[in-house]
Amino acid sequence: KKQRELELRMQQLDRSNRELQQFAYVASHDLQEPLRKIMSFGERLTRKYGAVLTFEGLEYITRMNNAAQRMETLINDLLSFSRATRSDHPFLPTDLNLIFADVISDMDAIERSEAKVDLNGEFPIIEAIPSQMRQLFQNLLNNALKFSHADRLPHVELRCSLAAGTDL
């Protein structure tokens, strides 16, 4: 009886995984076309009007293009994640200091909210998938800003410390 229950659950899991793969494929495919248009129009704006735009205007286009490139990476990662094997995204030495600096420089929400973001100390280089670490820290900072007190300027402080497995 237990064996039959296990086989039934395995079939349900297989079906769920196939549905997830199908959803990820359709979602990523449908997102690619508008993203290509955004990237194309950004390039056209830069080519056609780059000479007459202010520094601020060029900065906005640069940020838009950077965001579009990140979205393209996320779409590709979504496709990869939906597949059974993850061999196309190996763990690499990832400098968290560089990831944080990149995330902070791209986040308009920090600028808009006049938030203060402090990195206390040096962060390690870890074995990770860099795009996933970037997404993790971008989500954490966005949430910190979104759920901050309305009457105070946000102040986000990031710290890192090593902990032994037994301490966790």
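**A phenylalanine cluster and helix 5**

In this predicted model, ring pairs join Phe 100, Phe 123 and Phe 137 into a cluster. The count of aromatic pairs comes to two. One of them brings Phe 100 up against Phe 123 in an edge-to-face arrangement, with 4.7 Å centre to centre and 65 degrees between the planes. Phe 100 sits in helix 3 (residues 96-106), while Phe 123 belongs to the loop between strand 2 (116-120) and strand 3 (125-128), so this pair ties together parts that lie 23 residues apart in sequence. Both Phe 100 and Phe 123 are buried.

Phe 100 also pairs with Phe 137, and here the geometry is tilted: the ring centres are 4.3 Å apart and the planes make an angle of 50 degrees. This contact, too, links distant parts of the chain, with Phe 100 in helix 3 and Phe 137 in helix 5, 37 residues apart. As for accessibility, Phe 100 has a relative accessible area of just 3%, and Phe 137 comes in at 12%. Each of these values is under 20%, so both residues count as buried.

Helix 5, the home of Phe 137, runs over residues 130-146. From its first C-alpha to its last, this 17-residue helix reaches 24 Å, close to the 24 Å expected at 1.5 Å a residue. Its buried residues are Ser 131, Met 133, Arg 134, Phe 137, Gln 138, Leu 141 and Leu 145. Around the axis they take up an arc of only 160 degrees, so they fall on the same side of helix 5. In general, an α-helix has 3.6 residues a turn, so residues three or four places apart point the same way.

Notes: Residues are numbered from 1 along each chain as its sequence is written. This is a predicted model: local features need pLDDT of at least 70, side-chain atom pairs count only at pLDDT 80 or more; totals for chains, interfaces and linings use all residues. Side-chain values use heavy atoms; hydrogens and water are left out. Helices (H or I, at least four residues) and strands (E, at least two) are DSSP runs, numbered from the N terminus. The expected span of a helix is 1.5 Å times one less than its number of residues. Buried means under 20% relative accessible area, exposed over 50%, partly exposed in between (1.4 Å probe, protein chains only). The arc is that of the directions from the helix axis to the C-beta atoms. Rings of Phe, Tyr and Trp (its six-membered ring) pair if their centres lie within 6.5 Å; planes under 30 degrees apart count as stacked, over 60 as edge-to-face and the rest as tilted.
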